[in-house]
Amino acid sequence: MTTDAAHPWDAPAPEAAGRPSAFGLLPEDLEGAPGRAEHVFNRLQRPWTYRPEGLFLNREAREWIAASFDTSLPEIVERHPSEDGATKVVLRLRDGERIEAVHMPRDVRNPRVTLCISSQVGCAMGCTFCATGAMGIRRNLSAGEIVGQVLSLIRTLGPAQPHAITLVFMGMGEPLHNLDNVHRAIRILNHPWGLNISTRRITVSTSGLVPAIERLSGLRPRPWLALSLNATTDEARSRVMPVNRVWGLERLREALGAWGLAPGEKFLLEYVLLAGENDTVEDADRLADWLGELRHGHNINLIRMNEHAASTFRQPEEERLQAFLDRLKARGCFVTVRKSRGRDVQGACGQLLK
């Protein structure tokens, strides 16, 4: 695989212009603020404490923050409720750009809410089954915009208990193409003085930017990693995911092997089934072979292609999906089939487009 040619993801994406967001500040950035830094940080990061007119802080602290930082949250301008209980949300950023996120309550024994959030406006990766990939890359979200996206969703749609939140960076953009801002946002969201969301409930999905995977493996706090795989030969994967032309399947598997799993940590392997492209039992066998020992304890998440106007791919027939699933199970794989939320409002995996 060649690595000397320029690709859209090789160059940094444009950054947000204007004053930095107050929601991207860590406690150490607030040492000069009136009052205790931990108190100011806590008030910034707890949206249920906000007043209608703004932050629940004394006048001196509000003025200190407003002098240098932007205190506006991304604005929810559209809500599209799905029949399955999910809500696709369109948020407007301060420069007028729009992103999409999905709020997904789960009515289980211990009710939880999964927030599928975006990391960029558009995406540089060009995956041919993904609507966001058809946009190209416009810019990165700042750490404050990523955190602000989460806070805006919580403030409007809940939950009021941060321990009930699961975050997945599976919205618009390639999170590892914006690793500095994404990881700073994770530090803020994980901070015990803020929402204190465990990194076991934060998952970052990547299309396979190997150098960034290797860099993320050494960062702390470290989220869980999801890999969008979607093919079992370099030829097929390169057709649907241009990144594979640079970092192929062998190199990608080496990066997973070098990750250094912590006790109890799991990979999520995402596999979008595309009718006639990657859905044969031979593909299932190659997938099991590629995983090797990872097949037993790490989840292969099969996803029916969520159809949209930006792609000609279609979901497979149910018997093809079942045969694929059965073969993986027969090979000892831990495998689930994702129930895509928000399909009827174009809010499912691969459908986000603004």
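**Exercise 1. Start with helix H3: find out how covered it is, and what its length says about its geometry.**

*Solution.* H3 is mostly covered, with twelve of its 15 residues buried. Keep in mind as you work that this is a predicted model.

Step 1: list the buried positions. They are Ala 143, Gly 144, Glu 145, Ile 146, Val 147, Gly 148, Gln 149, Val 150, Leu 151, Ser 152, Leu 153 and Ile 154.

Step 2: check the span. H3 runs over residues 143-157 and reaches 21 Å from its first C-alpha to its last, close to the 21 Å expected at 1.5 Å a residue.

**Exercise 2. Follow the chain out of H3 and describe the backbone at Gly 158 and Pro 159.**

*Solution.* Step 1: look just past the helix. Gly 158 follows H3 and has a positive phi, near 85°.

Step 2: move on to the peptide bond. Gly 158 and Pro 159 are joined by a cis bond, with omega about 10°.

Step 3: place the proline. Pro 159 sits in the loop between H3 and strand E7 (165-169).

**Exercise 3. Locate the cis peptide bond from Arg 220 to Pro 221.**

*Solution.* Step 1: read omega, which is near 0° for this bond.

Step 2: find the surroundings. Pro 221 belongs to the loop between helix H5 (210-217) and strand E9 (224-228).

Step 3: set this against the general rule. Most peptide bonds are trans.

**Exercise 4. Asn 196 has a positive phi, and so does Asn 230; for each, decide whether the residue is buried, partly exposed or exposed.**

*Solution.* Step 1: recall the background. Most residues other than glycine have a negative phi.

Step 2: take Asn 196. Its phi is about 55°, and its loop lies between helix H4 (179-190) and strand E8 (202-206). With a relative accessible area of 40%, Asn 196 is partly exposed.

Step 3: take Asn 230. Here phi is about 70°, in the loop between E9 and helix H6 (234-240). Its relative accessible area is 1%; buried means under 20%, so Asn 230 is buried.

**Exercise 5. Step back and judge how compact the whole chain is.**

*Solution.* Step 1: count the elements. The chain has nine helices and twelve strands.

Step 2: compare sizes. The radius of gyration is 20 Å, close to the 20 Å given by the globule rule for 354 residues, so the chain is as compact as a globular protein of that length.

Step 3: add burial and contacts. Of the 354 residues, 56% count as buried. Among contacts with a separation of 6 or more, 69% come from residues 24 or more positions apart.

Notes. Residues are numbered from 1 along each chain as its sequence is written. This is a predicted model: local features need pLDDT of at least 70, side-chain atom pairs count only at pLDDT 80 or more; totals for chains, interfaces and linings use all residues. Side-chain values use heavy atoms; hydrogens and water are left out. Helices (H or I, at least four residues) and strands (E, at least two) are DSSP runs, numbered from the N terminus. The radius of gyration is taken over C-alpha atoms; the globule rule is 2.2 Å times the number of residues to the power 0.38. Buried means under 20% relative accessible area, exposed over 50%, partly exposed in between (1.4 Å probe, protein chains only). Contact means heavy atoms within 4.5 Å. The expected span of a helix is 1.5 Å times one less than its number of residues.
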